[in-house]
Structures are given as C-alpha cells and as structure tokens.
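Me: I have just opened this structure and would like to learn how to read it. Could you walk me through some features, one at a time?

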Amino acid sequence: MSRVTAVELRLVGIPLVRPFRTSFGEETEKVCILTRVETVDAHGWGECVAGPDPGFSEEFNEGAWLVIRNFLAPALFGAGDVAVEELDRVFSGVRGNPMAKAAVINAFLDAELRARGRSLASYLGADKDRVACGVSVGIQPTTGALLEQVDGYLAQGYRRIKLKIEPGRDVERVAAVREAYPAILLSVDANAAYSLDDVPVFRELDELGLLMVEQPLRYDDLVNHAKLQKRIRTDLCLDESIRSAEHAIAALDLGACRIINIKQGRVGGLLEGRRVHDISRARGAPVWCGGMLETGIGRAVNLALAALPGFTLPGDTSASSRYFHDDVTEPHVMEPDGTMAVPPGPGIGVEPRPDRLDACTIRAERFEKE
Ligand code: OSB
Ligand code: MG
C-alpha cells in the first residue's frame with residue numbers, strides 16, 4: 001500500500017549487437033519506454049515492451065506514452081493510497097493497452113517491494129534462484145549464416161534454440177539446423193505469418209522433432225490454431241494470441257495450444273503474468289518466459305517471473321550480451337551451464353546506471369500529482 005507522487009517516462013534507444021529480423025519486421029535498435037514511479041516511500045522502475053510500430057501488437061511507443069500520460073498516471077494520482085492488487089480496478093477505465101499498463105504496474109510493484117526490502121522473485125513465489133536460458137535467432141540472409149549463429153549460441157551454453165521462420169524460409173533451414181544438431185531442444189516462431197492453407201509446411205516440420213511451433217497463425221485467432229493443432233503432432237505454443245489470463249483459459253480449453261509463452265508485458269504486467277502461469281499449471285500446460293529484447297530493467301522482471309515453478313522450459317531470457325554491447329543496467333550474465341541468476345536484491349534488484357541512462361535517453365517527461 002502506497003501513494004504515487006510522480007511518474008516519469010523516458011524513451012530510450014540502444015543499438016542491438018546485430019539486427020533482429022522476424023516475419024513482421026527488422027530491428028537494429030531497441031527503442032522503448034522506461035517508466036519510473038515515485039511513491040511517498042520509494043521509487044520503482046518498469047519497462048514497456050511495445051516497440052516503435054504496431055507490428056507485434058496494436059500498441060506502440062508513442063501510443064503507450066499518451067495512454068500513460070493522459071490516463072494511467074492521472075488514475076494513479078487520483079487513487080490515493082493503493083495496493084498493487086488494486087491497480088486493475090484503478091485502470092478499469094482503460095480498455096486493453098496491456099503493455100502500457102504493465103510498464104506502470106510493474107514500476108509501482110518495484111517501488112512497493114523496495115520499500116519493504118523484499119525481492120520480486122520471492123514476492124511472486126519463485127522456487128529457484130537461477131533460470132535456464134534459451135535464445136531466439138532472427139531470420140538470417142542464408143542457411144550458412146543461420147548455422148554459424150546457432151553454433152555460436154550453443155557454444156555459449158544456451159539450452160534451447162528458437163528459430164524465427166517465415167514462408168519460404170522455413171522447412172529447409174530448420175532441417176539444416178536439425179541435421180547439424182540432432183539432439184538439441186529446437187523450436188520455431190512464425191510470428192503469425194502462416195494460414196491454415198500451410199498445413200503441409202507444418203506436416204514437414206512435424207518430422208523434425210521440434211519442441212514446439214510458436215504462433216503460426218493470426219495474432220488474434222484461437223479457433224484456427226485449434227484446428228491446426230488437431231492436424232499436427234508438434235505442440236503449438238501461443239504468444240501474440242494470449243493477452244490476458246482469460247485468453248489463456250480459452251486457448252487451453254479450446255486446444256488452440258499446449259504450451260504458453262508468457263510475456264508479462266504482453267498480458268498487462270507481473271500479476272496477470274502470474275495468473276497465466278497459475279492457470280496453465282493447473283491445466284498441466286508447460287509455460288516459458290518470452291522476451292521482447294528487453295533492456296536490463298525488463299530482463300530483471302522476466303528473470304524473477306521465470307523462477308516460478310510452472311516455468312519448466314528454457315525461456316527467451318538471454319544474456320545482455322546477446323542484445324547489447326552496453327545495457328542500461330549492469331549486464332545480466334549467463335554462465336556456461338546456460339543459466340542466469342535471478343536478481344536477489346529488493347524489488348527487481350537492478351537499477352539503471354545514471355550515465356548510461358542519460359546517454360540513451362531520447363526524450364523524458366515527468367508528471368507530478370497536483
Ligand atoms: O515473438 O517472441 C517473439 C522479440 C521481439 C518481438 C517478438 C518476439 C521476440 C523474440 C525475442 O523472439 C525474444 C528475446 O530474446 O527477447
Ligand atoms: Mg513469439
């Protein structure tokens with residue numbers, strides 16, 4: 001329980017170590033909003049997982065900025081003393097916009113936990129202090145370039161390789177990686193680039209012993225995913241289609257997927273992310289922690305969530321070095337055994353380095369309670 005006195009937004013930009021290409025676009029720089037919430041007791045940090053354009057979901061940076069400035073921050077200021085569990089109600093006047101809400105809810109929760117000296121992982125109910133890491137490999141210009149990258153990541157210790165695919169760059173490339181590494185945990189992510197007409201492609205992928213096929217069909221389509229799942233052996237995993245705990249229930253009950261990629265930012269923050277975990281666990285569906293190329297702030301949040309007991313598959317929580325030469329926080333480092341430490345300190349357990357924060361800030365704005 002605390003009272004919010006100020007909300008600060010920062011648009012930050014950090015170059016990626018290499019371009020990241022998916023079926024919906026290419027990024028060479030990570031550009032996102034960092035949120036800082038001040039309460040009468042402490043301050044906390046959050047990160048919005050929206051990007052510069054509405055290519056992954058309807059949300060994007062400039063829109064999220066306005067939603068926070070015009071609606072979420074005023075709602076917080078108006079709420080007075082609140083507990084994090086009440087924020088769903090405080091924000092009930094804003095439909096959707098889970099990424100903007102997550103950025104504020106997580107920052108508020110961070111402040112609450114810092115004030116209490118309690119770590120996020122322990123608050124959430126984590127049962128481990130290290131998590132297993134996988135890595136998501138962008139679409140490469142050639143099969144040779146893809147094999148080279150996979151090689152490098154496996155040498156570093158990553159425990160699961162996820163290949164981005166799109167029509168025309170799928171079966172052949174995945175088969176080449178499978179041939180080079182017959183025993184690794186291997187999955188693919190289509191980011192909604194296929195339709196039910198592509199069942200033959202998924203039948204061929206069925207022969208490659210994949211851990212899962214992530215989000216093959218439209219971002220908002222549960223029904224056709226259920227139809228596809230009936231026609232192939234490999235487990236489907238949903239990412240874009242799961243934007244709340246209710247979507248998770250619908251997807252699992254419909255048979256639209258057997259595995260869920262939990263991105264807390266995509267579902268409205270840590271508490272909703274934990275709900276998706278609880279629902280999936282009760283239904284016996286494995287979950288894993290997705291990523292949105294987060295900075296060290298969002299990565300700390302993901303590491304804490306990924307330490308919950310239902311996260312039984314390696315996630316996309318890769319080391320800072322996989323994304324950035326110079327993160328905003330101290331880098332998150334992966335050990336050669338392919339695991340990363342969950343920050344043990346109060347709240348999210350990390351703080352942006354002031355010099356780095358200044359260097360990567362594109363724009364900042366501060367709102368105070370009147
Ligand atoms: O679909 O999981 C995705 C990155 C940006 C947007 C969407 C996705 C991804 C990733 C990268 O796959 C995961 C990561 O390493 O953060
Ligand atoms: Mg995905």
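**Reading strands, metal and space**

Reply: Let us start with a pair of strands: S1 and strand S2 (residues 25-39) run antiparallel and are joined by 14 bridges. Strands pair if DSSP finds at least two bridges between them, and helices (H or I, at least four residues) and strands (E, at least two) are DSSP runs, numbered from the N terminus. This is a predicted model, in which local features need pLDDT of at least 70 and side-chain atom pairs count only at pLDDT 80 or more, while totals for chains, interfaces and linings use all residues. Residues are numbered from 1 along each chain as its sequence is written, chains are lettered from A and ligands numbered from 1 in the order in which they are written, and side-chain values use heavy atoms, leaving out hydrogens and water.

Me: How many residues lie between S1 and S2?

Reply: Two residues lie between them, and the two strands form a hairpin. Within this pairing, isoleucine 14 has lysine 30 in S2 as its bridge partner.

Me: Which other strands does S1 (residues 2-22) join?

Reply: Strand S14 (residues 361-368) runs antiparallel to S1, with seven bridges joining them; there, leucine 11 is matched with arginine 363 of S14. Two bridges also join S1 to strand S4 (residues 81-82), again antiparallel, and serine 2 has valine 82 in S4 as its bridge partner.

Me: What should I know about a sheet, and what is the order of the strands in the open one?

Reply: In general, strands of a sheet pair through backbone hydrogen bonds, either parallel or antiparallel. Here seven strands form an open sheet with parallel pairing, in the order S6-S7-S8-S9-S10-S11-S12. Strand S6 (135-137) and strand S12 (287-289) are at the edges with a single partner strand each, so one side of each has no neighbour in the sheet. From one strand to the next, the twist averages 25°, where axes are lines fitted to C-alpha atoms (for helices over the stretch in contact) and angles run from 0 to 180 degrees between N-to-C directions. Helix H5 (residues 143-156) packs on this sheet and touches S6 and strand S7 (161-164), with contact meaning heavy atoms within 4.5 Å. The direction of H5 makes about 155° with that of S7.

Me: Are the faces of S8 covered or exposed?

Reply: In a regular strand the side chains alternate between the two faces of the sheet. In S8, Leu186 and Val188 on one side and Ser187 and Asp189 on the other are all buried, and both faces are covered. Buried means under 20% relative accessible area, exposed over 50%, and partly exposed in between (1.4 Å probe, protein chains only). S8 pairs with S7 in the parallel sense over four bridges, and lysine 164 stands opposite aspartate 189.

Me: Which residues coordinate the magnesium ion (ligand 2)?

Reply: Donors are N, O and S atoms within 2.8 Å of the metal (3.2 Å for Na, K and Ca); water is not among the atoms, so sites may look incomplete. The magnesium ion is coordinated by Asp189 (OD), Glu214 (OE) and Asp239 (OD), at 2.1 to 2.2 Å. Their spacing in sequence is D-x24-E-x24-D. Distant parts of the chain are linked here: aspartate 189 is in strand S8 (residues 186-189), and aspartate 239, 50 residues away, is in the loop between S10 and helix H9 (245-254). Aspartate 189 counts as buried because its relative accessibility is 0%, and aspartate 239 is also buried at 0%.

Me: How do I read empty space, and what lines the largest cavity?

Reply: Rolling a probe the size of a water molecule over the atoms shows where empty space is left. On a 1 Å grid over the protein atoms alone, a cavity is a set of points where a 1.4 Å probe fits but cannot get out, and a pocket is an open set with protein on both sides within 12 Å along at least five of seven lines; lining residues have an atom within 4 Å of a point. Grid points are joined across faces, edges and corners, and a volume is the space filled by probe spheres set on the points. The count is three cavities of 30 Å³ or more, and the largest holds about 50 Å³. Its lining includes Val137, Leu146, Lys164 and Arg173.

Me: Which residues lie nearest the centre of the largest pocket?

Reply: They are Gly96, Asn97, Pro98, Lys101 and Arg243, among 28 lining residues. This pocket has about 530 Å³ of space, and H3 gives the most to its lining, with four residues.
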